[in-house]
Amino acid sequence: MSYPPPPGGWHDPSAGPQSSPPVDPYAPEDPYAVGKSPYAPPPGDPYAAPGYPPAGYPQPGAYPPPGAYAGYAPPASRTNTLAIVALVLSLVGFTSCITAPIGAIMGHVAQRQIRETGEQGEGMAKAAIIVGWILTALLVAGIIFYIVMIAIAINSDSSTNY
C-alpha cells in the first residue's frame, strides 16, 4: 500500500533515496536564475508587451549577478599625487606666499598628467591652479602697493629744508 507524499516537501528517510533535494518553502527566490529577471513582468501579466525582452537584448539570466566573480573587481582608480601636492602647496601659500605660484605651476603639470594617464584628481589640480594664481596675484598686488607707499613716503618727507 502506498501513501501520498507529505505536504511541504518532507521526505520519509525509510522510503529510500530521494530524487532531488527537498524544497525549502522559506528560501528566497533567486532573481538571477535562468529565465527570470528582476525587471521582467510576471508570467501571465495581461499588460506585458509581447515578445519580452525584445530581440537583440540580453535574455534574462544571460549575465551573472554583480559580484559573481570573486577577485575580479575593477581596479581602484588612483589619485594623481602631484595634484595633491599642488593643492597643499597652494593652500600653504596663505601663510607663506612663496608656495602659491609653485602650487599653481604644479597644478598645470598635474592636469597634463591626469589627461595622459586617466587618473583621478582633476578637481584638486584645478583648485590648486585657481588658489595658487589668485594668491600669487594678491602677493604681487601687495608688493606693488608696498613699493608705491614707500615711494610716496620718501617723496613727501617734510623734514628736509631747502
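The paragraphs below lead through a predicted model, taking its helices, a salt bridge and a surface patch in turn.

A good place to begin is the pairing of two helices, α1, which covers residues 81-92, and α3, which covers residues 122-155. Their axes come within 8 Å and cross at roughly 25 degrees, and because angles under 35 degrees count as roughly parallel, α1 and α3 are described as roughly parallel to each other. The sense of the crossing is left-handed where α1 passes α3.

From the helices one can turn to the parts of the chain beside them. The count of salt bridges comes to one, and this salt bridge joins the side chains of R78 and E119, with a distance of 3.8 Å from N to O. R78 belongs to the segment before α1, while E119 sits in the loop between α2 (residues 99-117) and α3, so the pair ties together parts of the chain that are 41 residues apart in sequence. As for their surroundings, R78 has a relative accessible area of 56% and is exposed, whereas E119, with a relative accessible area of 23%, is partly exposed.

The last stop is on the surface, where V140, I144, F145, V148, M149 and I152 form a nonpolar patch whose accessible area together is about 550 Å². One of these residues, F145, lies in helix α3, the helix whose axis comes within 8 Å of that of α1. The relative accessibility of F145 is 54%, and F145 therefore counts as exposed, since the term applies to values over 50%.

Note on methods. Residues numbered from 1 in each chain as written. Predicted model: local features only at pLDDT ≥ 70, side-chain atom pairs only at ≥ 80, totals over all residues. Heavy atoms only, no water. Patch = residues over 30% accessible without salt bridge, like charges linked within 9 Å, V, L, I, M, F, W, Y side chains within 5 Å. Areas by Shrake-Rupley, 256 points an atom, 1.4 Å probe, with all protein chains shown as cover. Salt bridge = Lys/Arg side-chain N within 4 Å of Asp/Glu carboxyl O. Helix = DSSP H or I, 4+ residues; strand = E, 2+ residues; numbered from the N terminus. Buried < 20%, exposed > 50% of the residue type's maximum accessible area, 1.4 Å probe, protein only. Axes fitted to C-alpha atoms, helices over the stretch in contact; angles between N-to-C directions. Parallel < 35°, antiparallel > 145°, perpendicular 65-115°, else oblique. Left-handed = near helix turned anticlockwise from the far one by under 90°.
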